[in-house]
Structures are given as structure tokens and as C-alpha cells.
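Work through the exercises below with the model open. Each task is followed by a solution in steps.

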Amino acid sequence: MDTIASLFSFITTPVSWVIVQFHSLYGAIFGPDTGWAWGLSIVSLVILIRICLIPLFVKQIKATRAMQTLQPEMKKIQERYKSDKQRQSEEMMKLYKESGTNPLSSCLPILAQSPFFFALYHVLSGIASNDTIGVIDKPLLESAQKAHIFGAPLAAKFMDSEEKVAALHASLTDVRVVTAIMIVLMSFSQFYTQRQLMTKNVDTTVKTPFMQQQKMLMYVFPIMFAVFGINFPVGVLVYWLTTNVWTMGQQMFVIRRNPTPGSKAQAAFLERLHKQLSHTKKVRGRGNANVIKAIVAKGRDRNEFERKFINGLSKEGLVAQADGSVAPSESAVATETEDGTPAAGGGAPKRQQPKRQSKSQRQSAAAHSKAESDTETASDAKTSLEKTQDEPEDATPKDKAAGGKTGSGNARQAKSGQRKGQQRPKHPSKK
């Protein structure tokens, strides 16, 4: 531990100075020797560090989004080298290098916190061994030794002996109960943070080595915290529990406001956005506008949830614009099909299907239609017979003879299988 302390000695003094400044503030409210004053000083230290790490967290989110854009290429590599895992890993690493992405970017916040963690551990160890460290002088050291959090001293550990705990004016039972509860809460918060990341904010259509690493860390980290937590002082457990709760809340905010495309979180987000737009007919917030703008720009590359969102807007009489807004759609606005291509007539109302008739109604309608058809056929035959028998009064005998001859000719043509009816007269030049 002395080697680790010497490695992080450059940050020990700043960390102790920040704790002392917060202690002077909370000490004026709760008392300088209380566990609230020292405990809240550690919590405030965590919050200050995490606020400073927000730019790093934003960089982590961007790297994760860049990983999402590579998923189609990852899927092709998996299908091409399905039987060769080593070649598949090599091609994946080559793809990461060409695109400038890092699958281990999610570990950056943890790595950045490591110096502060070990510096705080060294400060609390100095309090337990009655050694001044950093800006913590003798009076502050005695005040910290008197501070208890629910009966457990800040510098006490789960594995400490009863004599060592008694020297800090506490009982071994109180120390072990408090540390056990904090270790369980610390491990559970770490597990829940990783689990909601894996189950809600990951596109499960593509299996990547990065996802397998995250799944492994989901189970490894809580076990590591449980094993090493028994050797952490109470003040360090307060620090790590606070940073886990911060990470969990930060992750929940990102999942709700900026989910990964293709994940369950995106489906829930677009459903909430659709309900809001159907009620207000207006986009609220720059973040929502950016989401709609990105969906419109994708075109045919939209995933299932994004196509469902666009189709839902069309049914509500709205159409998404390229600038991230929505506008009322006209009757001829196309509705997007499942493959991303537009289909005409999307805005028109659906045609209603006719009512299903019973068997007796269908038979009655068929009989009525047949009767009408027979009546029309008989009427047409009667009219045709009357026209044949009715000759004009001014017809000459020559016309009558020609008509009779034509009639007999037509009859012979009918018998020989030729077409019935009046024949078209020949052209004068062909006579």
C-alpha cells in the first residue's frame, strides 16, 4: 500500500484540502466532530469530481454512438468469418482502428477516478493509523477519529480487530453491520447500472465483442466490490457508494433522453415522443428536434422503431420535416412502408369493407339478379325481332329482293359456322 500511496502522493494533498474545505462548511452546521460533517464532505468530494468528469462522460457517449454506426459492418464480419473466431476478432480490431473508435471507452470514467480513489484511501488510512497527511493536521485528525457514521468510525474496516475498533471508540458489531450494508448497496448499484445498460440501451441485433465484455463486467464488478469492500474503510465505502449512485442516475438520464438507436430504450422514447406530438402537434425541446432530424436524414436506413414512429405520425396527419419539426400532412402524403420506401395514398382514409351478408340474403340477391337478367334478355330478343319484321314503307321491290337475298345468304353463313348479323358492305373499289 505504501508503494501505491507514493504513486498517488501528488493528488493526496489536493484531495485532503478539498475535504477540509467542505468539512469547515458542514462543521458549522452539524458540528465539527460529527459523522455528518465528515461524511457529507466525502460525498461533496465525489460530486465535485464527477462534475469535472462530465466532458469525459460526453466523450464516452460519442464513442459509444460511433460504435453503433459500425454495427452493420460488424454484422457482415461476423457472418463472413462465422467459423473463424480469431480472424473475426482481427477484422473487428482492424475496423475499430480504421474508424478511430475504442471499444473500451466506457472504462475511461473509472480510470480517471482511480487517482482520487487511492488518494482518499490513503488519507483515511492515515486517520486510522493516527498519522497526519496532506493538510489534515493534528486537531483535524482527532476530529475525524471521533466522527461516526451510524456508529461506525470513518477509518474502520470490516476486517478490523475488536481492539482496533475499540481504540476508535466503537463496537465491532456496529462496524460490521454498517460496512456489510454499504458493501451490498455498492455492489447492487454497480450491477443495476450495468444491467440497465445491457438490457435497455444496447442494440441486440448485432453481437459484438464489446457487448460480451460489458456482459462480463456486469457480473465481475459487483463481485470485485464485495471482495475488496471488506478491506475498505467506511469513508471509502461512502465515496464508492456515492459515485455508483451518481453513475446510475447519470445512466438513467442518458437512457431516457438520448437512447441508443435500435434499443428498447429508443422504442420507449419514440413512443413517448409520438404521444406528445399527437397531443400538442408541436416539437418541444432541441433534443427532440435533433432526434427527429436524425430519423428523417436516415431515409431507408431507419430501423424498425423509427419506421413505426414515422408511420404513426402519418396516421395522426403529421409529417416529419428535415429541420426536426412536424407539419400537417396533405391527403397525398405518402406513408412509409416496412422497407423504408414510400407508398402513395398514405394520407387518404381507409376504404370501409362492405357488411357481410347472410347465406339467405346472398341466395335471394342471386335469384333476383338472375330474374332481371332473363327479363332483359327476353326484351332484347323481342326488340330485335320487331326491327327485322318492320320494313320501311318507301322501300322499293329491288331493295326487298336484295334484303331477302341477303337474309338467305346470312342464314347459309350461319349454317356454315360464320358470324351472324349484318355484314359490313364492301368498299366501292373492291366490287
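**Exercise 1: helix α3**

Task: find what span is expected for helix α3 (residues 35-52) at 1.5 Å a residue, and compare it with the distance between its end C-alpha atoms.

Solution. The model is a predicted one. Helix α3 has 18 residues. The expected span is 1.5 Å times one less than the number of residues, so the helix should span 26 Å. Its end C-alpha atoms are 26 Å apart, which agrees with that expectation.

Task: list the buried residues of α3.

Solution. Apply the cut-off of under 20% relative accessible area. The residues of α3 that meet it are Gly35, Ala37, Trp38, Gly39, Ser41, Ile42, Ser44, Leu45, Val46, Ile49 and Arg50. To read such a list, recall that an α-helix has 3.6 residues a turn, so residues three or four places apart point the same way.

**Exercise 2: annotated spans**

Task: state which residues the UniProt annotation "transmembrane region" covers, then describe the spans 35-58 and 217-241.

Solution. According to the unreviewed UniProt entry, the annotation covers residues 7-29, 35-58 and 217-241. Residues 35-58 are 96% helix and 0% strand, with end C-alpha atoms 34 Å apart. Residues 217-241 are 84% helix and 0% strand, and here the end C-alpha atoms lie 18 Å apart.

**Exercise 3: the cavity**

Task: count the cavities of 30 Å³ or more, and characterise the lining of the largest cavity.

Solution. The count is 1 cavity. The volume of the largest cavity is about 40 Å³. Its lining consists of Ile19, Trp38, Ile42, Val123, Leu124, Ile127, Ile136 and Leu154. Two elements, α3 and α7 (108-128), each give two or more residues to this lining. Helix α7 provides the largest share, 3 residues. Sorted by class, the lining has 8 nonpolar residues, no polar and no charged. Trp38 and Ile42 of this lining also appear among the buried residues of α3.

**Exercise 4: Trp240**

Task: is Trp240 buried or exposed, and which residues does Trp240 touch?

Solution. Trp240 belongs to helix α12 (residues 234-257). Its relative accessible area is 11%; buried means under 20%, so Trp240 is buried. Leaving out residues up to four places away in sequence, Trp240 touches Phe117, Met186 and Phe225. Ile183 is 57 residues from Trp240 along the chain, and their C-alpha atoms are separated by 9.4 Å.

**Exercise 5: the whole chain**

Task: how many helices and strands does the chain have, and what share of its residues is buried?

Solution. The chain has 17 helices and 6 strands. Of its 431 residues, 37% count as buried.

Methods:
Residues are numbered from 1 along each chain as its sequence is written. This is a predicted model: local features need pLDDT of at least 70, side-chain atom pairs count only at pLDDT 80 or more; totals for chains, interfaces and linings use all residues. Side-chain values use heavy atoms; hydrogens and water are left out. Helices (H or I, at least four residues) and strands (E, at least two) are DSSP runs, numbered from the N terminus. Buried means under 20% relative accessible area, exposed over 50%, partly exposed in between (1.4 Å probe, protein chains only). UniProt positions are given in the numbering used here, feature names are shortened, and annotations may be inferred rather than shown by experiment. On a 1 Å grid over the protein atoms alone, a cavity is a set of points where a 1.4 Å probe fits but cannot get out, and a pocket is an open set with protein on both sides within 12 Å along at least five of seven lines; lining residues have an atom within 4 Å of a point. Grid points are joined across faces, edges and corners, and a volume is the space filled by probe spheres set on the points. Ala, Val, Leu, Ile, Met, Phe, Trp, Tyr, Cys and Pro count as nonpolar, Asp, Glu, Lys and Arg as charged, and the others, Gly among them, as polar. Contact means heavy atoms within 4.5 Å.
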